[in-house]
Amino acid sequence: MFKVANHSLFAHPLPQGHRFPMLKYELIPSQLCHEGILCYNDFFQPELVDEKWILKAHDMVYWTKLKELSLTPLEVRRIGFPLSDQLVERECRIAQGTIQGAVSALEDKVAFNIAGGTHHAGRDWGEGFCLLNDQAIAAYYLLENRLAKRIVIIDLDVHQGNGTAQIFENEPQVFTFSMHAAANFPFRKEISDKDIGLPLATSDREYLGILEENLEYLFHEIKPDFVFYQAGVDVLSSDKLGKLDLSLEACKSRDALVLNYCKRHQVPVQISMGGGYSADIKIIVEAHCNTYRLAKDMFY
Ligand SMILES: [Zn+2]
């Protein structure tokens, strides 16, 4: 069975009033175990990531300010959470969870992080609830340990993976692909190796057509030997921060397309959850759980 990194077994890092975006991390494992998709043994509690891997993706000055909690008020505001040691520790566990997941995916074909997909964190900044870029850190881990040579990061969160794009702008072994709502945060975009900025209210059919065309390109032209998938569910029409018009079914078809390409081309995939801000938390949990259900159906 595939492995799932779960940091949420540790103390909650945020004060009341800031917890809503994190509630899903407790609900998703419960739902999946309740349905019998996973059992508690499939989850692991990640350790803290070694600083050496953080520093492959992030700049020393930024990391030092982050861990010493000495970012300026403006830099903290850009992150959007009140900073604390526990919050930084949480990010360090999430990054390690993505590393361990990526390594386990080499054997198990697929692995998940219950959180992560913190794609707005760039080399020297945190932004939009993202402090450290977990998939970027794990990509460097694979490259440095010669566990992968050609990585594609497929970022289908509704927001551009600006941090990921910037971190890998000069890294030929990592190809960054971001498909997002064009007129949405971040308003100053970075340049991914391939960006698809979708118009407002893109529908199911259009979305899935464009995605399939691009997956064809990625798997036949770029030919990855490892994929990181950022499976944000803020593409749903119900999402408060979304601006696309996807149904729950189309969101599931999106995941099925990505997983199918990985399976058919025998490319291991690590999946981080990314965003999801529908007012009804049931929809968020359902959409994320669909990704796990599909992986179990397809790979196990
Ligand atoms: Zn997002």
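Student: What makes the β-α-β unit of S4, helix H7 (residues 162–167) and S5 right-handed?

Tutor: A crossover earns that name if, with the strands pointing away from you, the path from the first strand over the helix to the second runs clockwise. The path from S4 over H7 to S5 is classed as right-handed, so it runs clockwise in that view. The labels are DSSP runs numbered from the N terminus (helices are H or I, at least four residues; strands are E, at least two). Before we go on: this is a predicted model, where local features need pLDDT of at least 70, side-chain atom pairs count only at pLDDT 80 or more, and totals for chains, interfaces and linings use all residues. Residues are numbered from 1 along each chain as its sequence is written, and side-chain values use heavy atoms, leaving out hydrogens and water.

Student: How do you know that S4 and strand S5 (residues 174–181) pair?

Tutor: Pairing takes at least two DSSP bridges between the strands. S4 and S5 have five, in the parallel sense, so they qualify. One of the matches puts valine 152 with phenylalanine 175 in S5. S4 also has five bridges to S7, again parallel, and there isoleucine 151 has phenylalanine 226 as its bridge partner.

Student: What is the order of the eight strands in the open sheet?

Tutor: S2-S1-S3-S8-S7-S4-S5-S6, with parallel pairing. Strand S2 (43–44) and strand S6 (194–198) each have a single partner strand, so one side of each has no neighbour in the sheet. Helix H5 (residues 85–108) packs on this sheet, touching S1, S2, S3, S7 and S8 (contact means heavy atoms within 4.5 Å). The direction of H5 makes about 165° with that of S3; axes are lines fitted to C-alpha atoms, for helices over the stretch in contact, and angles between N-to-C directions run from 0 to 180 degrees.

Student: Why is S4 called largely enclosed by the rest of the structure?

Tutor: Buried means under 20% relative accessible area, exposed over 50%, and partly exposed in between (1.4 Å probe, protein chains only). Five of the five residues of S4 are buried, so the description holds. Ile151, Ile153 and Asp155 point one way, Val152 and Ile154 the other. Side chains alternate between the two faces of the sheet in a regular strand.

Student: And why does alanine 136 count as buried?

Tutor: Its relative accessibility is 0%, so alanine 136 passes. Alanine 136 sits in helix H6 (residues 134–144) and touches Ala57, Ile167 and Phe168, leaving aside residues up to four places away in sequence.

Student: What makes phenylalanine 219 and tyrosine 261 an aromatic pair, and what makes it tilted?

Tutor: Rings of Phe, Tyr and Trp (its six-membered ring) pair with centres within 6.5 Å; planes under 30 degrees apart are stacked, over 60 edge-to-face, the rest tilted. Here the centres are 5.4 Å apart and the planes make 40°, so both labels fit. Phenylalanine 219 belongs to helix H8 (residues 204–222) and tyrosine 261 to helix H9, so the pair ties together parts 42 residues apart in sequence.

Student: How do you know that arginine 264 lies over the face of tyrosine 261?

Tutor: The rule wants NZ of Lys or CZ of Arg within 6 Å of the ring centre and within 35 degrees of the ring normal. Arginine 264 lies over that face at 4.6 Å from the ring centre, so the distance limit is met. Lysine 194 does likewise over tyrosine 217, at 4.7 Å.
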